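Visitor: I would like to know what the labels on this model rest on. Please set the values against the definitions.

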Amino acid sequence: MSKSKQKGTAAETAVVNWLLSKGRKHVERRSLNGVNDRGDIAGVPGVVLEIKNCAKMELSAWLKELEVEMINDKADTGVVIHKKKGTQDVGLWYATMPVQVWYKLIEEAGY
């Protein structure tokens with residue numbers, strides 16, 4: 001396994017473990033689906049979770065990937081979770097989404 005793949009797997013596993021610790025007992029890493037990718041983590045219904053552990057932030061490309069995965073998964077919402085350099089605490093990592101996805105969330109929350 002390449003070093004890049006190892007970093008990605010480690011980050012995905014860290015996010016799964018963090019979500020499990022928060023009571024999300026059905027989360028798990030997804031297998032690769034090629035062009036039909038539906039995100040990296042399953043078990044949060046209607047939500048695509050795309051996990052990144054990269055030295056260079058490529059938000060535009062990541063958000064395009066997220067939007068395709070949301071369509072593939074028929075998901076209501078999605079987020080790119082990317083590792084914060086220098087910390088293993090997933091709760092301190094970053095969560096990025098397109099504004100239209102964020103706005104849908106606050107509308108559904110009644111704001």
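Guide: The questions below go through a helix, burial, salt bridges and a surface patch.

Guide: This is a predicted model, in which local features need pLDDT of at least 70 and side-chain atom pairs count only at pLDDT 80 or more, while totals for chains, interfaces and linings use all residues. Residues are numbered from 1 along each chain as its sequence is written, and side-chain values use heavy atoms, with hydrogens and water left out.

Visitor: How do you know that the span of helix α1 agrees with its number of residues?

Guide: Helices are DSSP runs of H or I with at least four residues, strands are runs of E with at least two, and both are numbered from the N terminus. The expected span is 1.5 Å times one less than the number of residues. Helix α1 covers residues 3–21, which is 19 residues, so 27 Å is expected; the end C-alpha atoms are 27 Å apart, and the two agree.

Visitor: What makes the buried residues of α1 line one face?

Guide: Buried means under 20% relative accessible area, exposed over 50%, and partly exposed in between (1.4 Å probe, protein chains only). In α1 the buried residues are G8, T9, A11, E12, V15, V16 and L19. Seen down the axis, they fall within an arc of 165°, so they line one face of the helix; the arc is taken from the directions from the helix axis to the C-beta atoms. The face turned away from the buried side carries the exposed residues K3 and S21.

Visitor: What do the buried residues of α1 pack against?

Guide: They pack against β1 (28–29), β2 (41–42), β3 (47–52) and β4 (77–82). I51 lies in strand β3, and its contacts (heavy atoms within 4.5 Å) include A11, E12 and V15, not counting residues up to four places away in sequence.

Visitor: Why is I51 called buried or exposed?

Guide: Its relative accessible area is 5%, so I51 is buried. G91, in the loop between β4 and β5 (94–96), has 44% relative accessibility and therefore counts as partly exposed.

Visitor: Why is the contact between R38 and D73 called a salt bridge?

Guide: A salt bridge is a side-chain nitrogen of Lys or Arg within 4 Å of a carboxyl oxygen of Asp or Glu. The closest N and O atoms of R38 and D73 are 2.7 Å apart, and the pair forms a salt bridge. R38 lies in the loop between β1 and β2 and D73 in helix α2 (residues 59–73), so the pair ties together parts that are 35 residues apart in sequence. R38 is partly exposed at 32%, whereas D73 counts as buried at 16%. R30, R38 and D73 are linked in a network of salt bridges.

Visitor: How many salt bridges does this rule give?

Guide: The count comes to five. Among them is K52 with E65, at 2.9 Å from N to O. K52 lies in strand β3 and E65 in helix α2, so this pair ties together parts that are 13 residues apart in sequence. K52 also meets E50, at 3.2 Å from N to O.

Visitor: What makes the nonpolar surface patch?

Guide: V99, W102 and Y103 make a patch of about 340 Å². Patches take residues with over 30% relative accessible area and no salt bridge, joining like charges within 9 Å and nonpolar side chains (Val, Leu, Ile, Met, Phe, Trp, Tyr) within 5 Å. Accessible areas come from the Shrake-Rupley method with a 1.4 Å probe; for residues, only the protein chains shown count as cover. V99 has 61% relative accessibility, so V99 counts as exposed.
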